[in-house]
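With the model open in your viewer, please follow the stops below in order, making each selection before reading on.

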Amino acid sequence: MLNNFRAVSLSHKKAPLAIRELIALDEGSCRQFLQTLKNFIQATDILVLSTCNRTEVYYTSDADYSHEIVKLLGISKGIDNISQYLDYFTIVNEHADAVQHLFNVAMGLEAQVVGDMQISNQVKQAYQWSVDSEAAGPFLHRLLHTIFFTNKRVVQETSFRDGAASTSYAALELVESLTSELINPKVLVVGLGEIGADVCRHLKDSDFQNVKISNRTKAKAEILAEECGLEVVPFEELVDAMKEADVIISSVARNEPFFTKEMVSRLNVLTYKFFIDLSVPRSVEPEVEQIPGVLVYNIDTIQNKASEALQRRLDAVPQVKQIIRESIESFQDWTKEMNVSPTIQKLKNALETIRQEEMARYMKKLSPAEAKHMDEVTKSMMQKIIKLPVLQLKAACKRGEAETLIDVLTDLFDLEKQSAEAHS
């Protein structure tokens, strides 16, 4: 089962926002879907990752459960005929390709804004959900910790994470572009999830002086307002704040649009008003743009800016890929060693059985002190005897020749018989 890692992916690479928002899972849904997968498919090492740009399932199994996973996803989202969206999914059934894909995603190489730092935290969060659900086995533990170590190397050894080229920073650059002709533009941020909070932090460090924030949970808004020096608008006074704002940045987390055409039409827009929707599912109804003077930008329209920070990241991509290659090579060595570990354990058990049998023949003739000394001496001998075969097995793994040596050792020590007797 160590060479059957697979992935089912729906991402911005193939699926437009309208499709991604149908499939997106919040934290509660991710945790629940993990349990569903554990109950309905014969798989281990299950990881469910859902962000604004992707919803993905990784799992280890001898069987291809991709279609079952998509169907279960449809059931969990209340989509009757999810098969109509199958073309938007990417199925990765080759072990090495699935491992490579998760590395690329976790490092930010597959992000809509290259090198987006948020994805690293989102992968860590998804891994924690797997651990909490007891859906992570030794393979996934080792893989994710290798990925986390790789991420540290990328941060320390490259400029791939330098600057602020993230989705939230791209949103800030869009605001700067839209308001370049306005004097002291008024900005309102509604919804303070991870992206919304990051936008506020970028606004704090920008030239914008008139920034207000609003959140359904007022305490959360007040904490962020104190951190960033911003003004809080009580949620019940949101409409008045919207009337004043030139730009409304929405990061509201809910299944239905919060800003509807009917709601925005009551604002009596006299000049231009810009909505920047960072939510998936969308929190601004697309029909809002039918209102004269109102322009809506969703997460797919926030394009990478030709900034110095982004260029440095792009220049660092070859170095990041090289670090990933080194990490995957190291991980593959561990995987191969795990494949021979049952044989090593059988060999240890076989030799220990011989040692115990020979010890038993002489124990009655020995004093306690002599018996203890003999036990120590024979244990030391066994460790030295087994050291070379173990080293040879691990070396054979790296050469891809382990199978031949496993067969030789199995025949030589009759390991299959020894194993059967040990379990009988």
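Begin by selecting Phe33, Thr36, Leu37 and Phe40 in helix H2 together with Ile69, Leu72, Leu73 and Ser76 in helix H3, since these are the residues through which the two helices meet in this predicted model. Sorted by type, the residues of this contact of H2 with H3 comprise six nonpolar and two polar, with no charged residue. Now widen the selection to the whole of H2, residues 27-40, and the whole of H3, residues 66-77, whose axes lie 11 Å apart and enclose an angle of about 135 degrees. Because of that angle, H2 counts as oblique to H3, and the crossing of H2 and H3 is right-handed.

Next, select helix H5, residues 118-132, and helix H6, residues 138-157, which pack with their axes 11 Å apart and at an angle of about 160 degrees. Angles over 145 degrees count as roughly antiparallel, and H5 and H6 therefore fall into that class with respect to each other. The crossing of H5 and H6 is left-handed. To display the contact, show the side chains of Ser120, Val123, Lys124, Tyr127, Ser130 and Val131 on H5, and on H6 those of Leu140, His141, Leu144, His145, Phe148 and Asn151. The residues of this contact of H5 with H6 divide into six nonpolar, five polar and one charged.

Keep H6 on screen and add helix H4, residues 95-107, which packs with H6 at an angle of about 40 degrees, the axes being 10 Å apart. This makes H4 oblique to H6, and H4 passes H6 in a right-handed crossing. From H4, the contact draws on His95, Val99, Leu102, Phe103, Ala106 and Met107, while H6 contributes Phe139, Leu143, Leu144, Thr146, Ile147, Thr150, Asn151 and Val154. In this contact of H4 with H6 there are 10 nonpolar residues and four polar ones, and no charged residue. Leu144 and Asn151 of H6 deserve a label here, as they appear in the contact with H4 and also in the contact with H5.

For the following stop, select Thr51, Cys52, Asn53, Arg54, Asp116, Met117, Gln118 and Gln122, which an unreviewed UniProt entry annotates as "binding site". Which residues of this set belong to the lining of the largest cavity? They are Thr51, Cys52, Asn53, Arg54, Asp116, Gln118 and Gln122. Centring the view on Cys52 brings you to the loop between strand E2 (44-50) and strand E3 (54-60).

A further "binding site" feature, likewise placed by UniProt in an unreviewed entry, takes in Gly191, Leu192, Gly193, Glu194, Ile195 and Gly196. From this set, Ile195 is part of the lining of the largest cavity. Gly191 sits in the loop that runs between strand E5 (186-190) and helix H8 (194-204).

The last two stops concern the backbone. Most residues other than glycine have a negative phi, and most peptide bonds are trans. Select Asp45 in strand E2, where phi is near 50 degrees, a positive value in a residue other than glycine. Then move to Val280 and Pro281, and inspect the peptide bond from the one to the other, which is cis, with omega near 0 degrees. Pro281 itself lies in the loop between strand E9 (273-277) and strand E10 (294-297).

Key:
Residues numbered from 1 in each chain as written. Predicted model: local features only at pLDDT ≥ 70, side-chain atom pairs only at ≥ 80, totals over all residues. Heavy atoms only, no water. Axes fitted to C-alpha atoms, helices over the stretch in contact; angles between N-to-C directions. Helix = DSSP H or I, 4+ residues; strand = E, 2+ residues; numbered from the N terminus. Parallel < 35°, antiparallel > 145°, perpendicular 65-115°, else oblique. Left-handed = near helix turned anticlockwise from the far one by under 90°. Contact = heavy atoms within 4.5 Å. Nonpolar A, V, L, I, M, F, W, Y, C, P; charged D, E, K, R; others polar. UniProt positions renumbered as here; feature names shortened; annotations may be inferred. 1 Å grid on protein atoms, 1.4 Å probe; cavity = no way out; pocket = protein on both sides within 12 Å on 5 of 7 lines; lining within 4 Å.
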